[in-house]
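Here's a walk through a single chain, from its overall build down to a handful of residues. Have the viewer open and follow along.

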Amino acid sequence: MQISVKRDKLVSAVSHVAKAVSTRTTIPILTGIKLKATDEGLTLTASDSDVSIEVQIPSEEAGEWGVTVHKPGSVVLTARIFGEIVRKLAGDEIHISVDDRFAALIRSGQAEFTINGMNADEFPQLPQLEEEKVLSIPSDLLKTMLRQTSFAVSTSEMRPILTGIMWSLEKGQLKFVATDSHRLASRSAAVECAEDLYFHNVVVPGKSCNELMKILDDNQAVVDIVVAENQILIKTNHILFYSRLLEGTYPDTSRIIPQGSKTEIVVHSKDFLQSIERASLLSREGKSNVVRLVTMADNNVEISSNAPEIGRVTEMMTPVSVNGEELKISFNAKYMIDALRSLDSGEIRVSFTGAMSPFVIRPTDHDWILHLILPVRTY
């Protein structure tokens, strides 16, 4: 194999695929990045058996040179060393040649490295997916949907299915749901797909979703999503992102969302968030991070927290409106802060059905997003 490649294109491709390189594996080949040079260009691949990422550098794109393949071939190079070398090289162009023993000579400017590679034939093949279930979604919308739900996935392996985001599609509406059994985040959006396309219980690991967010490019117009039996594939500009799906049945979360409310407050998101953050300053130092909210007879809201070993904080807040019964409720401040930070609406409605029942946070201007939080017993 013998190629000349533009340095910044290679640096970008290596940084993308490196996200899928296995760091804790007993299989040496999975610590590497596979380089395959063909007449079309250079393809880089990495996999850790959960996530696989493939990036193509075309020979030329939009009149800009990317790579010249002097001699086709393939090799696997250790990701950590190869990545460091590529980033540290000074020239605009990098020349790579590989001999019959998989030793790679990497040259740029005045610098020259020789590193030992591995046989690319031993690298696992990427799954071939039947492209029956395909939908299209703007890249920035997918990134937003992931950002607004991924924080609520469980980090505990007690119930592995909850460590993922559940994706479902019905009547052109794509919906993401994440819960760790103490809180829930849900986000939906209209997408382009065949009218009859439907899927449910497609659970993508939270770790995969976080890596996908880093790859999604805000400049990229549309990405295609392919859903298969136990894999999902996201296709963006010259990048293929594969993830395995979690096995098992995601719980039916629709049953736990209260339909009515006894108390409802409408608040400015930013003011409410800052108020909770201030109350959390003390409770965070204590063990519990619990904040208490009380609706007052004069339509104000009192937000307070008490950490016996440190001190207490009380703040009065004037909401846009308060309706219904008077209420005293306590909740985990971090859960509330995470939910409020993920919203991009100026005003939100918080609906309570009692001091010990889950409460719901929704924007006032649309119904795409819903957050649910379980209260904390403090008596």
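What follows goes from the whole chain to its cores, strands, cysteines and a few single residues.

**The whole chain**

Keep in mind that this is a predicted model. The chain has six helices and 29 strands, and its C-alpha atoms fill a box of roughly 80 × 50 × 40 Å along the principal axes. Of the 379 residues, 51% are buried. If you take contacts between residues at least 6 apart in sequence, 66% of them link residues at least 24 apart.

**Two cores and a helix**

Nonpolar side chains tend to be buried together in soluble globular proteins. Here, the largest nonpolar core takes in 67 residues, and L10, L35, L44, I96, L142, L146 and W167 are the ones with the most contacts inside it. There's also a second, separate core of 30 residues, with I276, V322, A339 and V350 among its members.

L10 is a good place to zoom in. Leaving out neighbours within four places in sequence, L10 touches V5, L42, L44, I57, F82, V86, I94 and I96. L10 is also one of the buried residues of helix α1 (residues 7-17), along with A13, V14, H16 and V17. These buried residues span an arc of only 160 degrees around the axis, so they sit on the same side of α1. An α-helix has 3.6 residues a turn, so residues three or four places apart point the same way.

**Strand pairings**

Here are three of the strand pairs, side by side.

| Strand | Partner | Bridges | Direction |
|---|---|---|---|
| β21 (residues 263-268) | β25 (residues 321-324) | four | antiparallel |
| β21 | β27 (residues 347-352) | six | antiparallel |
| β10 (residues 103-108) | β11 (residues 111-116) | six | antiparallel |

So what does T263 stand opposite in β25? It's G324. In β27, T263 stands opposite F352.

As for β10 and β11, they form a hairpin with two residues between them, and G109 in the turn has a positive phi of about 60 degrees. Within this pair, A104 stands opposite I115 in β11.

**Aromatic rings**

F352 turns up again when you look at rings. The structure has three aromatic pairs. In one of them, the ring centres of F352 and F359 are 5.1 Å apart and the planes meet at 40 degrees, so the pair counts as tilted. Both F352 and F359 are buried. Add F331 and you have one aromatic cluster made of F331, F352 and F359.

**The cysteines**

How many disulfides does a search of the whole structure find? The answer is zero. C193 isn't in one, and the nearest cysteine sulfur, on C209, is 19 Å away. A disulfide would need the sulfurs within 2.5 Å. As for their surroundings, C193 is partly exposed, with a relative accessible area of 25%, whereas C209 counts as buried at 1% relative accessibility.

**Three more residues to click on**

Start with S330, which is in strand β26 (residues 328-332). Is S330 buried or exposed? It counts as buried because its relative accessibility is 5%, and the cut-off for buried is under 20%. Beyond four places in sequence, S330 touches V290, V291, R292, P375, V376 and T378.

Next comes P258, in the loop between β20 (239-244) and β21. Once residues up to four places away are set aside, P258 touches T353, P358, V360 and L372. From P258 to C209 is 49 residues in sequence and 28 Å in space, C-alpha to C-alpha.

Last is G311, found in strand β24 (residues 311-317). With 23% relative accessibility, G311 counts as partly exposed. Apart from neighbours within four places in sequence, G311 has contacts with L282, S305 and N306. G311 and C209 are 102 residues apart along the chain, and their C-alpha atoms are 39 Å apart in space.

Conventions: Residues are numbered from 1 along each chain as its sequence is written. This is a predicted model: local features need pLDDT of at least 70, side-chain atom pairs count only at pLDDT 80 or more; totals for chains, interfaces and linings use all residues. Side-chain values use heavy atoms; hydrogens and water are left out. Buried means under 20% relative accessible area, exposed over 50%, partly exposed in between (1.4 Å probe, protein chains only). Contact means heavy atoms within 4.5 Å. A nonpolar core is a set of buried Ala, Val, Leu, Ile, Met, Phe, Trp, Tyr and Cys residues joined through side-chain atoms within 4.5 Å. Rings of Phe, Tyr and Trp (its six-membered ring) pair if their centres lie within 6.5 Å; planes under 30 degrees apart count as stacked, over 60 as edge-to-face and the rest as tilted. Two strands pair if DSSP finds at least two bridges between them. The arc is that of the directions from the helix axis to the C-beta atoms.
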